[in-house]
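Subject: Structure handover

Hello,

Here is the structure I promised to pass on. Please open it alongside this email.

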Amino acid sequence: MPIHGSTTASALTALCPDLRAALTRVGYNADTLLEVLGPEAHSALGRGEPVPVRRVARGAGQLGTLVRLLLLGDAVPEAEVAAALAPVAVADAIAAGLLSAEGGLVRAALDLRPLDTGAGNRWILSDLDDSMHRRELTEDHVLGVGHASLSLLRATPTLPVGSVLDLGTGCGVQAVHAAGYARSVTATDINPRALWLAEATAALNELDLELLTGSWFEPVAGRRFDQVVANPPFVVGPARIEHTYRDSGLDLDGASELVLSRVPDLLAPGGTAAVLAAWIHTEDADWRQRVSGWLPAYGVDAWVVQRDIADPALYVGTWLRDAGLDPRSPAAQERVEDWLTALDEAGVTGIGFGFVYLRAFDGPTEVLAEDLTHGFEDPLGAEALAHFERSAWLRAVAADPALAWRSRYRVDPATALERVYLPGEEGWDQQVARLHRGNGPRWQHEVDESTISLLAGMRSDGLPLYELIELLALSQGSDEVDPEFATAALAVVTGLVRHGLVHPV
């Protein structure tokens, strides 16, 4: 697990066995925290409101001490810290960079929090943010488990695989997550401080990770992986680096372009990638074409999911606050002016954000880029794998349309039919009929009565599609199938298959 190029473990890493023992003894884990704090104080913690949490923590014994110390950033008497962290000596924790001392009081020098990544409790070490105390972040700041990290965790496929690459690991949270479903995990970062913390995080969780130092793809040149995950420094703005966790030094959405153009080279045959990315919107170009143009012409099945679109002012303000800056300060206002000027000169009308899923296959690149800005709760990781399976079937249909005609289909149990009526002169008039998928991304398709009748006849042990269309034609008074009607019906069915509302048997 040692970082490439290092010969000895850091003092922080050496401290981890005893630290793990202390955290385990006290019950400093995700489930116990929720139980002890209760839903109201736990929600306040997530909102960065310390008082409700502190009130509960005062009566929670040694666990409360660690909550005040590590989660709220309070100054705590050294004797209380020593009792809660035993067998870790406070002096050793200070020397290792975990704590700092102020007279007889002790504060956290790092963020250490529990997280259930889906394979049980893990502990994640990172730099302190400004959620509880105002602070401006340094250039080499190592971000903890933020909203983007949690989004990628929920959006990453977790079927067992052989090897995973976490490109730009930061504090190591994606690599720790990958250790729950992969036989081997490699993590890279250009920031030595990030790898220092990722190494300690791995040791704290008793995980064996390969940690490599270097820029972008250099540390893994020539290697292939079964899965790649990446939360790169994708922030859209001028070509500068103020914080390595967010700024790439590339202009506008150049970081996303670089990653998406090069990640396919890292995928083993059949390998999958899950990447957070951002892209600009302009008046004279469609964002779908922009992102599609970044991918190689051959060998990739891509699903691009746009989750949000921000106007430039909101986008810049959000990232300034993320760095601990007060947008009302003169220095921050100067940065905003420069940032918005750069976006305006590039004709940027908005910034899109979302997930890009890639699957390596032997054929011309296919891209489906679509908006998924409506609300849904189910993680996208499993959906991405299902999408690629459906996509492979649709490629087979494109090569041999007879496959679709002779296939039987079933309507997914989560698919519901909705009819919308409005008052009319003679009662209720139907305005629209929709099929809703009740799970996953919750897709909707408007359908006509012929499609509704066609789906009503679909059974796993029923008739092939063409025979269903023949019966539908007979029910409508026709002795033979109109070729245009059949083509339109096939297009509807394949569209429903693509979004998982209907499945070929």
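Below is what turned up, starting with confidence and then moving to the cores and a pocket.

This is a predicted model. Mean pLDDT for the chain is 90, and 94% of the residues reach 70 or more. Take care at the start of the chain. Residues 1-8 stay under 50, although the model gives them 18 contacts beyond four places in sequence. Where pLDDT is low, the predicted coordinates should not be read in detail.

Next, the cores. The largest nonpolar core holds 65 residues. Leu12, Tyr28, Leu66, Leu98, Leu99, Leu112 and Leu125 touch the most other members. Helix 9 (residues 192-204) gives this core its largest share, nine residues. Look at Leu66 as an example. Beyond its neighbours within four places in sequence, Leu66 contacts Leu23, Val26, Tyr28, Leu71, Ala84 and Leu85. A second, separate core has 58 residues, including Val316, Val348, Ile452 and Leu490.

Now the second largest pocket. It encloses about 320 Å³ of space. Its lining counts 18 residues, and Thr117, Leu153, Arg154, Thr158 and His177 lie nearest the centre. Strand 4 (111-116), helix 7 (147-155) and helix 14 (381-399) each give two or more residues to that lining. By class, the lining has nine nonpolar, seven polar and two charged residues.

Helix 7 deserves a closer look. Its buried residues are Ser149, Leu152, Leu153 and Ala155. Among the elements covering them are strand 4, helix 8 (173-178), strand 9 (225-230), strand 10 (267-282), strand 12 (348-364) and helix 14. Leu153 is thus a buried residue of helix 7 and one of the residues nearest the pocket centre.

Best wishes

How values were computed. Residues are numbered from 1 along each chain as its sequence is written. This is a predicted model: local features need pLDDT of at least 70, side-chain atom pairs count only at pLDDT 80 or more; totals for chains, interfaces and linings use all residues. Side-chain values use heavy atoms; hydrogens and water are left out. On a 1 Å grid over the protein atoms alone, a cavity is a set of points where a 1.4 Å probe fits but cannot get out, and a pocket is an open set with protein on both sides within 12 Å along at least five of seven lines; lining residues have an atom within 4 Å of a point. Grid points are joined across faces, edges and corners, and a volume is the space filled by probe spheres set on the points. Helices (H or I, at least four residues) and strands (E, at least two) are DSSP runs, numbered from the N terminus. Ala, Val, Leu, Ile, Met, Phe, Trp, Tyr, Cys and Pro count as nonpolar, Asp, Glu, Lys and Arg as charged, and the others, Gly among them, as polar. Buried means under 20% relative accessible area, exposed over 50%, partly exposed in between (1.4 Å probe, protein chains only). Contact means heavy atoms within 4.5 Å. pLDDT is the predictor's confidence in each residue, from 0 to 100. A nonpolar core is a set of buried Ala, Val, Leu, Ile, Met, Phe, Trp, Tyr and Cys residues joined through side-chain atoms within 4.5 Å.
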